[in-house]
Amino acid sequence: MTLEPSRDQRRTSVGLASVIGAIAGISITANWGLPAIVVGAVVGSLTLAISEAVARTRQRPGQIPALWSRIVMSTALMAPLGWALGRLGAGPIVVGLVAGALVGVLGLRPQKVILGPLVGLAIGWALSALWSDVPTAIVAAAAVLAFRMLSAAVFRDPQVELLAEGVSAEDLPFVVPLEARTRYVGTGYVRDLAAVLGGDYHADAADVGIVSSLDELAGPDFDPSGIDSRVRDFYEQTTRFALDIVPQWRLWVRPGYLLYRTLVARPLGQANVPMNQREAQRGIRSRIDTISRTGDGVISIRGWIRSFVDNDEPIYVGIYTTYRREGHGYVSVGFPLPQASFTATLAPKSRPDGGLILTSRSNTAQPGHYLTYVDPQTRKLTTLAIQGFAEQLDVYVEDGQLRAEHAFRLFGLPFLVLHYRIQRKPE
């Protein structure tokens with residue numbers, strides 16, 4: 001069941017679109033005199049209002065507005081920026097370049113980041129050649145319109161999709177609906193969660209794995225009986241092992257990750273991966289905090305916490321779960337965020353050498369990555385499917401040494417591999 005926007009919400013969105021359209025019209029006609037400005041404001045206001053009304057009427061519950069209406073809105077939003085740049089002295093070519101670069105960055109894909117400035121530059125040059133005093137608002141709007149239409153034709157697969165809105169956790173078994181109730185996640189998350197959910201909390205539990213048994217994952221692509229005993233021990237008794245990590249970042253992603261880490265990961269206390277091997281040499285502390293049901297002691301929550309040894313600064317805080325669907329077993333890992341959760345649901349595959357692969361790419365519909373907002377009052381979930389993100393965790397034995405490689409891709413491009421050396425702790 002999904003929640004449908006109310007009439008008041010639709011009126012508000014149509015009213016806001018009307019204002020945006022009026023401002024866009026004024027920006028385009030600003031140099032043509034008062035009568036033209038009035039006409040521009042009216043036409044722009046009516047165009048955006050009609051576009052928004054039609055899109056919202058056709059919008060089904062749980063869906064975002066149609067692509068064409070989003071293109072119209074983004075085109076109108078760019079016109080005032082183009083006008084402002086023109087007032088500052090920028091010419092059509094510069095305005096086209098800036099508008100294209102901005103919309104390319106907002107497209108997120110690396111390919112779009114490159115394509116945006118090229119399209120904007122071409123539009124700015126062409127319009128300046130055809131129209132000597134072309135308004136810069138028109139240049140900016142045209143650059144965005146051309147880029148959005150070209151992107152829609154070239155990049156047909158959606159990278160982010162609204163999967164569900166206002167649904168119960170039971171409707172999304174592949175999502176771990178456990179959020180952080182504060183702005184900071186940190187290594188004490190499971191302890192704080194126990195205070196909310198109840199049950200018996202155990203810090204740094206002994207002889208506990210991130211899964212209770214690999215047999216829970218049995219399916220057509222995975223036979224647990226063929227797994228090397230050392231790989232099985234790692235998953236079922238994770239706390240008996242120590243980890244050394246060597247991060248391998250691709251050059252193209254390093255500047256963006258450095259910014260993300262400074263502004264987001266560290267203040268959040270989550271997803272704070274070492275930048276290089278030198279930093280990883282600070283040492284990685286690996287432990288599992290658990291919450292057990294009062295009475296029978298059955299573990300209901302397993303939180304695998306990895307942090308730096310020297311100051312316990314969080315690297316990852318993940319809640320590990322397993323579930324079955326239509327004869328297949330899956331691992332779902334929830335990474336708590338403020339009032340939200342980022343879930344990686346992975347399908348198991350056997351390696352010929354007895355290793356185990358967990359991957360987000362599968363022929364079944366369950367695996368993938370999901371960003372979920374948890375309503376604090378109703379506990380209803382609104383979930384985005386992040387289809388542009390992919391990962392694969394490969395655990396195997398090589399020359400008698402237990403190893404793992406955790407590879408990540410963004411929009412089809414590899415950007416990070418975490419190399420693990422896994423050693424059993426002394427008894």
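**Close-ups of a predicted model**

Tyr-370 is buried, with a relative accessible area of 5%. Before going further, keep in mind that everything shown here comes from a predicted model.

**View 1. Phe-174 and Tyr-370 make a tilted ring pair.** Tyr-370 has a partner here, Phe-174, which is also on the buried side at 10% relative accessible area. A pair of aromatic rings is described by the distance of the centres and the angle of the planes. Across the whole model, the count comes to 15 aromatic pairs. For Phe-174 and Tyr-370, the ring centres sit 4.6 Å apart and the planes are at 40°, so the pair is tilted. These two residues are 196 places apart, and their pairing links distant parts of the chain. Phe-174 belongs to the loop between strand E1 (160-167) and helix H7 (189-197), while Tyr-370 is part of strand E10 (residues 368-374).

**View 2. Tyr-316 and Phe-335 are another tilted pair.** Here the planes are at 45° and the centres 5.5 Å apart, so this pair counts as tilted. Tyr-316 sits in strand E6 (residues 314-325) and Phe-335 in strand E7, with their positions 19 residues apart in the numbering. Both Tyr-316 and Phe-335 are buried.

**View 3. Seven names, one ring cluster.** Look for Trp-249, Tyr-257, Tyr-260, Phe-342, Phe-389, Phe-408 and Phe-415: ring pairs join them into a cluster.

**View 4. Leu-337 meets residues from elsewhere in the chain.** Leu-337 is in strand E7 (residues 328-337). Leaving aside residues up to four places away in sequence, Leu-337 touches Glu-179, Ala-180, Val-185, Leu-268, Gln-270, Phe-342 and Leu-371. Take Val-185 as one of these: its C-alpha atom is 6.7 Å from that of Leu-337, although the two are 152 residues apart along the chain. Phe-342, another residue on the list, also belongs to the ring cluster of the previous view.

**View 5. Helices H1 and H2 cross with a right-handed turn.** The axes of helix H1 (residues 7-28) and H2 come within 6 Å of each other, crossing at roughly 150°. That makes the two helices roughly antiparallel. On the H1 side, the contact includes Arg-10, Ala-17, Gly-21 and Gly-25; on the H2 side, the residues include Gly-40, Gly-44, Leu-48 and Glu-52. Sorted by class, the contact of H1 with H2 has 9 nonpolar, 7 polar and 3 charged residues.

**View 6. Helices H2 and H3 cross with a left-handed turn.** Helix H2 (residues 34-58) packs against helix H3 (residues 67-87) at an angle of about 150°, with axes 9 Å apart. H2 and H3 are therefore roughly antiparallel. H2 brings Leu-48, Ser-51, Glu-52, Val-54 and Ala-55 to the contact, and H3 brings Trp-68, Ser-69, Val-72, Met-73 and Ala-76. By class, that gives 7 nonpolar, 2 polar and 1 charged residues. Leu-48 and Glu-52 of H2 turn up here and in the contact with H1 as well.

**View 7. Ala-271 and Asp-399 have positive phi values without being glycines.** Ala-271 has a phi of about 55° and lies in the loop between helix H9 (254-268) and helix H10 (277-280). Its relative accessibility is 21%, so Ala-271 counts as partly exposed. Asp-399, with a phi near 55°, is in the loop between strand E12 (389-398) and strand E13 (401-410). At 80% relative accessibility, Asp-399 counts as exposed.

Note on methods:
Residues numbered from 1 in each chain as written. Predicted model: local features only at pLDDT ≥ 70, side-chain atom pairs only at ≥ 80, totals over all residues. Heavy atoms only, no water. Helix = DSSP H or I, 4+ residues; strand = E, 2+ residues; numbered from the N terminus. Buried < 20%, exposed > 50% of the residue type's maximum accessible area, 1.4 Å probe, protein only. Axes fitted to C-alpha atoms, helices over the stretch in contact; angles between N-to-C directions. Parallel < 35°, antiparallel > 145°, perpendicular 65-115°, else oblique. Left-handed = near helix turned anticlockwise from the far one by under 90°. Contact = heavy atoms within 4.5 Å. Nonpolar A, V, L, I, M, F, W, Y, C, P; charged D, E, K, R; others polar. Phe/Tyr/Trp six-rings, centres within 6.5 Å; stacked < 30°, edge-to-face > 60°.
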